[in-house]
Amino acid sequence: MSGNSQEVIVIGGGVIGLSVGWYLSRAGFQVTILDRDSSGRESCSDQNAGMVVPSHFIPLAAPGVIGQGLKWMLNPKSPFYLRPRLDLEMWRWCWDFFRSSNKRNVLKYRQLLSDMSLQSRRLILEMGEELDVDIVQRGLVMYCQSRKGLENETAVADMARLVGVEAEVCGRERIRELDPDVTMDVIGGVWFPQDCHLNPGTLLAALRKDISSRGGRFLDAEAVRFIREGRRVTRIVTESEDELHVDQIVLACGAWTPDLAREFGLRLPMQGGKGYSMTLQHPVEQPRVCSLLKEGRVAVTPMGKKLRVAGTMEICGRDLSVNPLRVQGIIESFCQFFPAFKPEHFDGIDIWSGLRPCTPDGMPYIGPLPNTDNAIVATGHSMLGLSLGPVTGQIIARQLGVMDDGPALEVGLLAPQRFG
Ligand SMILES: Cc1cc2nc3c(=O)[nH]c(=O)nc-3n(C[C@H](O)[C@H](O)[C@H](O)COP(=O)(O)OP(=O)(O)OC[C@H]3O[C@@H](n4cnc5c(N)ncnc54)[C@H](O)[C@@H]3O)c2cc1C
């Protein structure tokens, strides 16, 4: 990496903003991370399921999701819901999502997504080593309870090998070998050995500490508008009317990024996809491997002695409130797959909610803002922000002319203006 003394302000201190800030501070930039919520309560990053998943090379917008989503809409405990609202942006997003949910979208992006994920996995392992954060490399199992579910996942495993992701279809015996300590009611699954897991809160804390130790600053303030001179942004104006001088800005505000993109005349279609997580402090059994429960769409992640269970996708604007029925749906699905657990084990547990920044084609927006020479967007990672955080940091560092190692990626496909 080459030296640099430019001032960069990264707006948004979630996993994307921190990953970008980390690579830029290592490259010698004067980094400031600006976030309006220093508690991290608004961020989607601290208490997610902690999975790093090259296995997720199929973008969210794919064949079959619309039909499945419509069926789920009828069940109040299902893992998906779209709350109808009088909001033109939401309906435009739905239309763009509908038009993207096809085989063409999968073929267009699957190789890029897999290349990015595998590169990000390499980077997060390096990051973990440097920051002393434990990253468990035992893979992920997609568990199935139905024959149809296993058939679908077997087809995904075949496609995975085509894009360079390892996958093994497993029967009950093999599953028991992979995770002998837990009781499971499944007929089989697919093991993706390259996937890993970690405690996201620990990683974020380590990134913050390291950025600070390199002279980075953290400001608790909300960016509301920008002052420009020609094609350059020269100052960021905060809600308290402070003006911050800037050489370069990076917009990494997760589900809220469209508000600031609008200041640049850019429509950035995005919806918050709400999900919940719960962390059992003393689980009755502790899996070794992280997993996804196919039919329930629930994520299960061991975190040291604790166990995190997460799920649902509610397209709900920016509402972080907890819907008890959907939470009950997560708990019931989990207990069906892991019968040693009972719903009572979750009594009184804290429920965390976060908004995944979801784009209509399931791919992030990474790249320069149009008509501006010193502003870059890094957002829209949907279900993959932790997985793709490091590679996003690397891409931004490259776009700023530093950090030229690693494979070439076709990042033009991620241009923020691709929906016009
Ligand atoms: C239940 C659940 C489980 C998940 N599990 C996984 C997983 O296992 N693996 C994975 O890869 N991903 C997972 N995800 C997705 C992942 O959490 C997100 O993709 C990721 O957190 C998005 O990060 P971000 O930095 O873009 O946004 P955020 O973390 O939401 O950060 C955005 C920040 O911007 C700040 N902000 C917004 N507007 C402004 C402004 N105007 N001025 C200043 N600050 C502002 C906000 O306060 C916020 O802190 C999961 C998500 C959920 C909900």
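Which residues does F192 touch, not counting residues up to four places away in sequence? In this predicted model, F192 touches S55, G139, L140, M142, V156, A160, V165, E166 and A167. F192 also belongs to the largest nonpolar core, which has 69 residues. Together with L24 and M116, F192 is among the residues with the most contacts inside that core. Helix α4, spanning residues 103–131, supplies the largest share of this core, 9 residues. A second core, separate from this one, has 28 residues, including L178, V182, V289 and F341. In soluble globular proteins, nonpolar side chains tend to be buried together.

The model also holds a ligand, which is surrounded by 38 residues. The closest of these are D35, S43, S45, S382 and S387. Three of the serines have polar atoms placed by oxygen atoms of the ligand. For S43, a polar side-chain atom lies 2.7 Å from a ligand oxygen. For S382, a polar backbone atom is 2.6 Å from an oxygen atom of the ligand, and for S387 the corresponding distance, again from a polar backbone atom, is 2.8 Å. The ligand taken alone exposes 1,000 Å², of which the protein buries 97%.

Several elements give two or more residues to the shell around the ligand: α1 (15–26), β2 (30–35), β14 (271–280), β18 (352–358) and α10 (385–399). The largest share, 4 residues, comes from β18. By residue class, the shell comprises 19 nonpolar, 13 polar and 6 charged residues.

How values were computed: Residues numbered from 1 in each chain as written. Predicted model: local features only at pLDDT ≥ 70, side-chain atom pairs only at ≥ 80, totals over all residues. Heavy atoms only, no water. Near = heavy atom within 4 Å. Polar contact = N/O pair within 3.5 Å; in protein donor to acceptor, adjacent residues only side chain to side chain. Areas by Shrake-Rupley, 256 points an atom, 1.4 Å probe, with all protein chains shown as cover. Nonpolar A, V, L, I, M, F, W, Y, C, P; charged D, E, K, R; others polar. Core = buried A, V, L, I, M, F, W, Y, C linked by side-chain atoms within 4.5 Å. Buried < 20%, exposed > 50% of the residue type's maximum accessible area, 1.4 Å probe, protein only. Contact = heavy atoms within 4.5 Å.
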